[in-house]
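Hi everyone, thanks for making time today. I'd like to walk you through a protein that may be new to you, so have a look at the screen.

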Amino acid sequence: LELRLDKTLTCRDKHIIYVAQCQRCSEIGGKEDTYFGQTLTPLHTRLNGHRNKFNIDKRALYEHSALSMHCYNVHRDAFRLDCFKFGIVKKTKPHLLDREEAGFCIKFKTNVWGLNRMEIIG
């Protein structure tokens with residue numbers, strides 16, 4: 001399956017479906033390297049939310065994000081958001097975000113093999 005990114009959209013766009021791929025896992029041919037997400041806010045704001053979870057402390061914030069949890073469990077020596085490469089898949093209407101995200105997770109099996117299958121705390 002091939003995923004086409006919408007190169008006309010930027011990090012300032014909102015109401016989008018985005019994809020993240022772990023570069024370390026993809027280098028070794030891992031199946032558990034892809035995550036689909038959605039955001040009502042501009043993508044750069046959403047990515048800052050992910051970035052804030054890359055913090056190991058007593059609050060265990062990393063457990064609240066599939067991306068930081070993946071890095072913590074698999075690549076603790078490289079516990080940073082920049083392990084991931086991001087792309088914008090599409091813009092959609094806000095009320096369709098859940099359906100669109102689920103569709104990509106099912107199509108690309110990220111709910112089975114990828115990072116969307118992780119159970120997030122909180």
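I'll go from the overall fold to the surface, and then to the cysteines.

Please keep in mind that this is a predicted model. Let's begin with the fold. There are four helices and three strands here, and if you follow the chain along its sequence, they come in the order β-α-β-α-α-β-α.

What about the overall shape? For 122 residues, a compact globule would be expected to have a radius of gyration near 14 Å, and this protein agrees, with 14 Å. If you picture a box drawn along the principal axes, the C-alpha atoms fill roughly 35 × 30 × 25 Å. Among contacts with a separation of 6 or more, 67% join residues that sit 24 or more positions apart.

Now the surface. About 7400 Å² is exposed, with carbon and sulfur atoms supplying 50% of that area. Of the 122 residues, 41% count as buried. As for charge, you'll find 21 positive and 14 negative side chains, and the centres of those two sets are 4 Å apart.

Finally, the cysteines. How many disulfides does the structure hold? Zero. Why is Cys 25 not bonded to Cys 22? Their sulfurs are 3.8 Å apart, which is too far, because a disulfide needs the two sulfur atoms within 2.5 Å. Cys 105 has its closest cysteine sulfur in Cys 22 too, but at 17 Å, so that is also too far for a bond. Both Cys 25, at 7% relative accessible area, and Cys 105, at 9%, are buried.

Thanks for listening!

Notes
Residues are numbered from 1 along each chain as its sequence is written. This is a predicted model: local features need pLDDT of at least 70, side-chain atom pairs count only at pLDDT 80 or more; totals for chains, interfaces and linings use all residues. Side-chain values use heavy atoms; hydrogens and water are left out. Helices (H or I, at least four residues) and strands (E, at least two) are DSSP runs, numbered from the N terminus. The radius of gyration is taken over C-alpha atoms; the globule rule is 2.2 Å times the number of residues to the power 0.38. Buried means under 20% relative accessible area, exposed over 50%, partly exposed in between (1.4 Å probe, protein chains only). Contact means heavy atoms within 4.5 Å. Accessible areas come from the Shrake-Rupley method with a 1.4 Å probe; for residues, only the protein chains shown count as cover. Lys and Arg count as positive and Asp and Glu as negative; His and the chain ends are not counted. The place of a charge is taken as NZ of Lys, CZ of Arg, CG of Asp or CD of Glu.
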